[in-house]
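Here are a few exercises to work through with the model open beside you. Try each one before you read its solution.

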Amino acid sequence: MRDPDRTWNRQQTNRIARLERARKTLGTALSGKIVPADRTMDLLHQVIERGDRVCLEGNNQKQADFLGRALTSLDPAAINNLHMLLSVLALPEHLDIFEKGIASRLDFSFSGPQAGRLARLAMAGKLNIGAIHTYLELFARYFVDLTPRVALVAAEAADRQGNLYTGPNTEDTPAIVEATAFKNGIVIAQVNRIADVLPRVDIPAGWVDFAIQSPAPFYIEPLFTRDPAQISEIQVLMAMMAIRGIYAEYEVNRLNHGIGFDTAAIELILPTYAESLGLKGKIAKHWALNPHPALIPAIEAGFVESIHSFGSELGMENYIRARPDIFFVGPDGSMRSNRAFCQAAGHYACDLFIGSTLQIDLQGNSSTATLDRISGFGGAPNMGADARGRRHVSAAWLKAGRQAREGKNLVPRGQKLVVQMVETFREHMEPAFVEKLDAWQLAQQAGMAIPPVMIYGEDVTHILTEEGIANLLLCRNDDEREQAIRGVAGYTPVGMARDKRMVEDLRDRRIILRAEDLGIDKRLATRDLLAAKNMKDLVRASGGLYDPPKRFRNW
């Protein structure tokens, strides 16, 4: 039965009330939708209410840092118990609001530099973690049960009507704004400048309530940039095994690389080692990836045909503008990134994900959440998961599926290649391979319903270390799987406990492949294979178009 007394537009009514309070408080200081930076606190106190879900844009790179600092100055007696939604906890302010009693609950994806502090606050009961999401999962929940009441975002520019130009670092902005604006929330954007005419409109004014020119440009992190000078010969060897034993073996053409020196080494030996194997035009053509500077030599050599990006990378702007056949570039010459679309592309349209982790257990489960660091997962669970909804085929997908289902009475289907690439010992000689993930103890201590596993072992197809490759697709039972993992775990306690006879049998069956089994001469695994050996070489390879951030310049 219909309830005749129910009010159906409470959210609309509440939104109107918030906007009216803001307009009354700001008075003549408000010019259309433009708010002076020195009135930001007045605005926030009027549009944010106790217990609100507040989405503060902060992703891998672009940060709404001015609005984040303003949040920390709210009066906790008036505004408290906020439920914060953040893709990435990157800045101290992201956790200051919890220490100050302004916010109490957190749903996020990745914590990066705040991982240690987050772990301490969680253990101390200073914040309650709803869930550690993958990016795509968090964005999806914005449209279901975690819709922001107030969204604080960042953009390159706004015009006087409130249209936004996000430039190359669009990232999360469309997903955040659309979910908020179409559920009667409030959208506030900090922008680097107010312009009369925008290069293009990325977010229409009808979705934006207020724009503030911040005193300084928003913070952006060159997260994916790796200096080739820091790539080791062990990483070169592992890159050679990846190309010979996985990329060439499966004819991988559509792929995503995680962040790190391991994958940067792969990118930098494509024009040398992969070229020597006659693989140009046969592997690594289509990427879901930020514009890694380490990919410049492979692009220039003709390996790469297209790149769609989660976000941009500082210093790559001129190079991207000059290579519109490779990148998704608008008429204004700047790239259009989109984290949600690129996550979907990485999940459904790529045949391979290769990335690293902090811990791997005997089933192949991996996690970056340890007892002293809750790093979160970012996009790895989407990139590193077999897409069960996929229906289109490719050579790599079909071959992996055949290997996984050989001898089983199963309907034919393919499988995504998910590779965990780690050195057997991490920094401070911490073993990467463990009998049991810290995630189990962390879940118990933090009151989590399930352990925070980044990539489930059932999705992992290969584990690659300096010892070799374990092809888990070919394992026919749990014992074989465990020994395959132990067989590439080197001199870690896990590796030392291997069954030597069984490991040699797995090697005979090519489930475990050492470098020599792949025809790789370890003596050739030197830095001489790198197409660029330092940042200056990357600039030269780009024809002078790449402009590295100052921290990467040593000349």
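**Exercise 1.** Is glutamate 516 buried, partly exposed or exposed, and how far apart are the closest N and O atoms in its salt bridge with arginine 507?

*Solution.* Keep in mind that this is a predicted model. Start with the accessibility: glutamate 516 comes out at 45%. Buried would need under 20% and exposed over 50%, so glutamate 516 counts as partly exposed. Next, take its partner: arginine 507 has 22% relative accessibility, which also puts it in the partly exposed class. Finally, check the distance. The closest N and O atoms of the pair are 3.4 Å apart, and the cut-off for a salt bridge is 4 Å, so the pair qualifies.

**Exercise 2.** Find the residue whose side chain meets that of arginine 509 in a salt bridge, then classify both ends.

*Solution.* The partner is aspartate 505, with N to O at 3.6 Å. Arginine 509 sits at 37% relative accessibility, so call it partly exposed. Aspartate 505, at 36%, is partly exposed as well.

**Exercise 3.** Do the job again for lysine 280: which side chain does it meet in a salt bridge? Then place that pair among the salt bridges of the structure.

*Solution.* Lysine 280 meets glutamate 275, N to O at 3.9 Å. With the limit at 4 Å, this one still makes the list. For exposure, lysine 280 has 39% and glutamate 275 has 34%, so both are partly exposed. The structure holds 36 salt bridges. Some link up further: Arg18, Arg21, Glu49 and Asp52 form a salt-bridge network.

**Exercise 4.** How many disulfides does the structure hold, and which cysteine sulfur is nearest to that of cysteine 342?

*Solution.* The count is 0. For cysteine 342, the nearest cysteine sulfur belongs to cysteine 350, 7.6 Å away. A disulfide would need the two sulfurs within 2.5 Å, so cysteine 342 is in none. Now look at accessibility: cysteine 342 is buried at 0%, and cysteine 475 is buried at 8%.

**Exercise 5.** Which residues touch the most other members of the largest nonpolar core? Pick methionine 84 and list its contacts.

*Solution.* The core has 81 residues, and the best-connected members are Ile48, Met84, Ile188 and Phe210. Leaving out residues up to four places away in sequence, methionine 84 touches Val54, Leu56, Leu71, Ile97, Phe98, Ala103, Arg105, Leu106 and Asp107. There's also a second, separate core of 65 residues, with Met238, Ala242, Leu255 and Ala265 among them.

**Exercise 6.** In what sense do strands S5 and S6 pair, and which way does their β-α-β unit turn?

*Solution.* First the pairing: S5 (residues 103-110) and S6 (residues 128-132) are parallel, over 4 bridges. To fix the register, put aspartate 107 opposite alanine 131 of S6. Then add helix H5 (residues 115-123), which completes a right-handed β-α-β unit with S5 and S6.

**Exercise 7.** What is the strand order in the open sheet of 8 strands, and which strands lie at its edges?

*Solution.* Read the order as S14-S13-S12-S15-S20-S21-S22-S23, with mixed pairing. The edges are S14 (306-308) and S23 (512-513), each pairing on one side only. At the S14 end, S13 (residues 286-288) runs parallel to S14, joined by 3 bridges. Here tryptophan 287 stands opposite isoleucine 307 in S14.

Notes. Residues are numbered from 1 along each chain as its sequence is written. This is a predicted model: local features need pLDDT of at least 70, side-chain atom pairs count only at pLDDT 80 or more; totals for chains, interfaces and linings use all residues. Side-chain values use heavy atoms; hydrogens and water are left out. Two strands pair if DSSP finds at least two bridges between them. Helices (H or I, at least four residues) and strands (E, at least two) are DSSP runs, numbered from the N terminus. A crossover is right-handed if, with the strands pointing away from the viewer, the path from the first strand over the helix to the second runs clockwise. A nonpolar core is a set of buried Ala, Val, Leu, Ile, Met, Phe, Trp, Tyr and Cys residues joined through side-chain atoms within 4.5 Å. Buried means under 20% relative accessible area, exposed over 50%, partly exposed in between (1.4 Å probe, protein chains only). Contact means heavy atoms within 4.5 Å.
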